[in-house]
Amino acid sequence: MPRTPLLRAVLPLVMLACVASCKKDAPPPPQQEPSKAPPTAAPSGASVAPAGPKAVPTLVLEEFAPAGSKPEAVFGVEGAVVVTHKQRVGRIVGDSVEWLKETILPEIAASPTVIDSVEGRFPDAIDVLYRSDSMRAPVPSYMPLTGKGTSKSFAWGGGPAAINGLARIGESVLLLGWSYVYDEGIFFSTVRGPKLDRKQQTPAEAGCKPEEVQNEFMPVRPAIWADTIAASKSGVLVAVGKMCHERGPALEVWDENATKSRFIDVTPLVKDVGYWPKLLGGKDEVWLYSGKTNPILQLEGGELTALPRTEAPPTLAFVSTSGVLHVVAGPSLERWEDGKWVEIGKLSWPTLFRTMVVDGDAMWASAEGKVYKLREGKGWSFGQDCKTPFVYLYDVSPGNANNFTFPGTRKALATFPGVADIRLVEIREGGRRLGVEVKSQEQGEALITHVRATMKDENPILICHAPNEPRVIEINDGK
């Protein structure tokens, strides 16, 4: 069935409903640290073996909330790392935030505003994409928060509309948007800097067949109804979408300084890019990330290739502030370097991040409305000297209410022989986690055996962890 703009508008609602009703499969267990053998002295006069490669550090999430503020998301822009809170944008400076005096509109469509993305260059060219939190009238909007540019909003009266992306080429910023309202259709618009002469090819120019092309409710669409756009620092502009609306995915590419586009068929490498593919611009490269089941594709020098797979499927792809490609793959943070993936950190807890920023040696991330600084620390591996044994059960779906009591889990734990000595708790460690505080290693191992027998789909693990401000859930509460 061909995709339509109305489907694109309502699909996020369906996905949110699914998330709210289902517990996600538990991710891989928290990262374990290898045991360390005691050092031994080298014999006198013996040569000392050269040091091996530096151990990959364990990365611990530390919530970033300076001076009582509660940043919600973090973004990397040229020259700064910025955070958002409601209508505000601020730059991270040391352990504090310098909030910009400029703010976006306090509300649109009679609803509070939500910032989706901050892009551009600090301090004179900060671009913000935002919308109302009303799904009936989201009013997707662009605002040049600092510097000169042209604000733009779609479908003020409500209805299907979206801003699918921004691309910076030199001092110009190109916006890709679409709307059913007022026959706007889908189009590029230069919203900052000198006007860019970039137009998508029409179906006729691209050789599409009339029966392939969808044009209901809007003007003739281009040959590729683009899902998103991005540009490399060198000025190569790329859009991705279905070719002729009915065929497989393709790239529409404007080479540096070119006003006429060309097409690259993606199907030999990736058959389907889904509904929310992501294009990422590097120095000379543009990368296509289309979900954890597909390889990441790289366009460089006019050639499209598939990068090698990471050991675990990537759940997030992003570029550092210096334009280097990174992925979060299971518990690993990896960097694309010299034709291979290089692991630069192990997350103490696998986490589904909304955004992540690598700025030199500093690392930041956002998840579930909070911002975290990633610092080197210890994992939660269990050792004989551990005084706080803890059985990690599984991750909690963000869709579950904050007072959810996990009846299935409580039912299984209630038949454990030592139930009076254990405590079921929900904790927040880069996300919502469920686990059990136990008295000893032996009790923890016995509980793991019991959980595996009574909860067939779970894979609990014994770790060493003292939860901070856990929410206690009574196991035998009569409900």
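Is Lys233 buried or exposed? Select it in this predicted model: Lys233 is exposed, with a relative accessible area of 62%.

**Stop 1: Lys233 and Glu78**

Show the side chain of Glu78 together with that of Lys233; the two meet in a salt bridge, 3.8 Å from N to O. Lys233 sits in the loop between β14 (228–231) and β15 (237–242), and Glu78 in the loop between β2 and β3, so the contact ties together parts that are 155 residues apart in sequence. Glu78 counts as partly exposed, at 39% relative accessibility.

**Stop 2: the hairpins around β3**

From Glu78, select β2 (residues 73–77) and β3, which pair in the antiparallel sense over five bridges. Phe75 has Val82 as its bridge partner in β3. The two strands form a hairpin with two residues between them, and Gly79 in the turn has a positive phi of about 95°.

Extend the selection to β4 (residues 88–93), which is antiparallel to β3 and joined to it by four bridges. Here Val83 stands opposite Gly90. This is again a hairpin with two residues between its strands, β3 and β4; Lys86 in the turn has a positive phi of about 55°. Colour β3 (residues 80–85) by accessibility: five of its six residues are buried.

**Stop 3: the eight-stranded sheet**

Now select the eight strands of an open sheet, in the order β22-β23-β24-β25-β1-β28-β27-β26, with mixed pairing. β22 (314–319) and β26 (355–359) stand at the edges with a single partner strand each, so one side of each has no neighbour in the sheet. Neighbouring strands are turned by 30° against each other on average, direction ignored.

At the β22 edge, five bridges join this strand to β23 (residues 325–329), and the two run antiparallel. Pro314 has Ala329 as its bridge partner in β23.

**Stop 4: Glu63 and Lys370**

Stay with the sheet and show Glu63 and Lys370, which form a salt bridge with the closest N and O atoms 3.9 Å apart. Glu63 lies in β1 and Lys370 in β28, so the pair ties together parts that are 307 residues apart in sequence. Both are partly exposed: Glu63 has a relative accessible area of 37%, and Lys370 one of 25%.

**Stop 5: the second largest pocket**

Glu63 and Lys370 also lead to the second largest pocket: along with Arg428, Glu429 and Asn468, they are the residues nearest its centre among the 21 that line it. Its volume is about 430 Å³. Select β1 (58–63), β28 (370–377) and β30 (423–428), each of which supplies at least two lining residues. β1 gives the most, with four residues. By type, the lining divides into seven nonpolar, four polar and 10 charged residues.

**Stop 6: Asp395 and Arg433**

Which residue forms a salt bridge with Asp395? Arg433 does, with the closest N and O atoms 2.7 Å apart. Asp395 lies in β29 (residues 389–395) and Arg433 in β31 (residues 432–437), so this pair ties together parts that are 38 residues apart in sequence. Asp395 is buried, with a relative accessible area of 14%, and Arg433 also counts as buried, at 2%.

Then add Lys70 to the display: salt bridges that share partners join Glu63, Lys70 and Lys370 into one network. The whole structure holds 20 salt bridges.

**Stop 7: Glu474**

Finish at Glu474, in the segment after β33 (471–473). Glu474 is exposed, with a relative accessible area of 53%. Select Arg423 as well: the two are 51 residues apart in sequence, and their C-alpha atoms are 7.6 Å apart in space.

Conventions. Residues numbered from 1 in each chain as written. Predicted model: local features only at pLDDT ≥ 70, side-chain atom pairs only at ≥ 80, totals over all residues. Heavy atoms only, no water. Pairing = 2+ DSSP bridges. Axes fitted to C-alpha atoms, helices over the stretch in contact; angles between N-to-C directions. Buried < 20%, exposed > 50% of the residue type's maximum accessible area, 1.4 Å probe, protein only. 1 Å grid on protein atoms, 1.4 Å probe; cavity = no way out; pocket = protein on both sides within 12 Å on 5 of 7 lines; lining within 4 Å. Points joined across faces, edges and corners; volume = space filled by probe spheres on them. Nonpolar A, V, L, I, M, F, W, Y, C, P; charged D, E, K, R; others polar. Salt bridge = Lys/Arg side-chain N within 4 Å of Asp/Glu carboxyl O.
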